[in-house]
Amino acid sequence: EANIKGSVSDKHLNYYRLEYSNALSSTWVLIESNYGQRQNENLSLWDTSGFNEGQYEVRLTGIDTFNNISTTNVFVYVQTDPNAIIKIVSMENSVFSPNGDGLFDTNKIIFKALFPLDNVLVRISNANNNKILFEQSFGSVDTGEQKETLWDGETAQTGIYEVHISGYKGTNFGEKIRHVYVDNNAPIITITSPSDYQCVGKIFEIRGNISDAESNFLKYSAAVIDSSNNIIADYYSYNEISNNNIIAKFNNTALPDGLYKLTINAYDRVSNTSTYNLHFYIDNNPPVIDVRNIIDGKYISGQYPIYGLVSDPNITQYSVLLSNQIRVYTILTGHNSVNGTIAVLNSVNYIDDSYTLIIHANDSVGNITEKIINNITIDNTSPAAHIIYPDAGTLINTEIIFAYELIDINLQEYSIKARKSINGQILSLIPNTPVWGVQDIILTNHFNAASMADGEWKIIVSVKDK
């Protein structure tokens, strides 16, 4: 119990109240509320039985009849062990790693005597087997005198250790025990994607796991380093990563293609560090496609090789497609770069029609190129000629009038000849004449028959398509 003594006065005082709060809590608990002014008098008898040892805050509040409020606070230390004669003030680096790097390599233990002591003994032992690793005696210590010591746990293995601070006064003995944790284990880094020397595209995700088995994880960093050892992108996080989630994501759009290094460092709170390095290639350029022997408006008949180039160092697949308004046909699917014959188009596999030639290529990181050539005409049908006039056996005198039809979707030229049935004499009536851009045409011509010998002649109309 503690007798709380103080003053609270105001001619309009309504009441006062006493409250306390644990130093680790923001909640106030009522000790006593009462009426009447007090001048250096006992305000309350505070029962602290069952309290944890430590620092508490006591608040006195006075409220007058106009609801004006005044408060005052004091800090007290509750000592629950009546035999306690020593107090641990602090233990710096209660989790530490004696790895010789100059950081967190020692544990500073600060204590204070609550009474004049004949001797204070500090011992540190393994919590599992009680093996003593450190011991120091301080001799006599005065009331309130503060002392400190350092434990260099150079030979300590990872695990829990007990710090015993024992105070002696005559036959009286008091002891405080605290625990410290030695953590010599660095965080663990595993990367599941990408693999070493993998090719990546514009958006680069690193997946894997980063954790600390001793629950002392602090942070990790991920850095992209170019061939000149310059850090060109970095990322930091204070969260552990599990379940092969994203560790970091980089946008490589502005970076030139080439070889880079990824370095991931993970740190715990006591300076243990893990490093993971891997190399990767950036490929932001799509495949190259060049067709050398087919242009818009090309007419194709028979087996026609498509010459050109499909190239990418990381090509995954390319497809050569032929499309009309009805369907899309696949001519060829390849998986390697090619410089020469990309594919062979066999026109007999397709109906006569106008088509679009499409060559599509993609690489391993998702870059895509598409080459489109329109108005490719498949023409498997031979042209035809039909003589409309004169009819067979017609008797002609001086002038020949011819009417004839040329039939084809892809006419190029035609000619007309006359051949004497008896001796095979041939006369050219119309030499090769172009008819570009014409389809299924009817023509009429007039010829002077005076130069032709009497007798039977055969009229031959020849037509050629493109």
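## Exercises on strands, salt bridges and a surface patch

K249 has a relative accessibility of 48% and therefore counts as partly exposed, a class that lies between buried (under 20% relative accessible area) and exposed (over 50%), with a 1.4 Å probe and protein chains only. The model is predicted, so that local features need pLDDT of at least 70 and side-chain atom pairs count only at pLDDT 80 or more, while totals for chains, interfaces and linings use all residues. Residues are numbered from 1 along each chain as its sequence is written, and side-chain values use heavy atoms, with hydrogens and water left out.

**Exercise 1. Place K249 in its strand and find which residues K249 is in contact with, leaving aside neighbours within four places in sequence.**

Step 1: K249 lies in strand β20, where strands (E, at least two residues) are DSSP runs numbered from the N terminus.

Step 2: Contact means heavy atoms within 4.5 Å, and K249 is in contact with I203, F204 and E205.

Step 3: E205 has K249 as its bridge partner in β20.

Step 4: For a view along the chain, take I409, which is 160 residues away from K249 in sequence; the two C-alpha atoms are separated by 57 Å.

**Exercise 2. Work out the strand order of the open sheet of three strands, and say which strands stand at its edges.**

Step 1: The order is β15-β17-β20, with antiparallel pairing, and two strands count as paired if DSSP finds at least two bridges between them.

Step 2: β15 (188–193) and β20 (241–251) stand at the edges, because each has a single partner strand, so one side of each is left without a neighbour in the sheet.

Step 3: Neighbouring strands of this sheet are turned by 35 degrees against each other on average, direction ignored; the axes are lines fitted to C-alpha atoms, and angles run from 0 to 180 degrees between N-to-C directions.

Step 4: Strand β17 (residues 203–211) pairs with β20 in the antiparallel sense over seven bridges.

Step 5: I246, another residue to examine, lies in strand β20 and counts as partly exposed at 31% relative accessibility.

Step 6: Residues up to four places away in sequence not being counted, I246 touches E205, I206, R207 and I241; I206 is 40 residues from I246 in sequence, yet their C-alpha atoms are 5.8 Å apart.

**Exercise 3. Find how many salt bridges the structure holds, and describe the one between K169 and D118.**

Step 1: The structure holds nine salt bridges, each being a side-chain nitrogen of Lys or Arg within 4 Å of a carboxyl oxygen of Asp or Glu.

Step 2: The side chains of K169 and D118 meet in one of these, at 3.9 Å from N to O.

Step 3: This pair links distant parts of the chain, since K169 is in strand β13 (residues 159–169) and D118 is in the loop between β9 (106–113) and β10, 51 residues apart.

Step 4: K169 is partly exposed at 37% relative accessibility, and D118 is partly exposed at 43%.

**Exercise 4. Is R17 buried or partly exposed, and which class does E19 fall into?**

Step 1: R17 forms a salt bridge with E19, the closest N and O atoms being 3.4 Å apart.

Step 2: R17 counts as partly exposed at 25% relative accessibility, whereas E19, at 9%, counts as buried.

Technical notes:
Helices (H or I, at least four residues) and strands (E, at least two) are DSSP runs, numbered from the N terminus.
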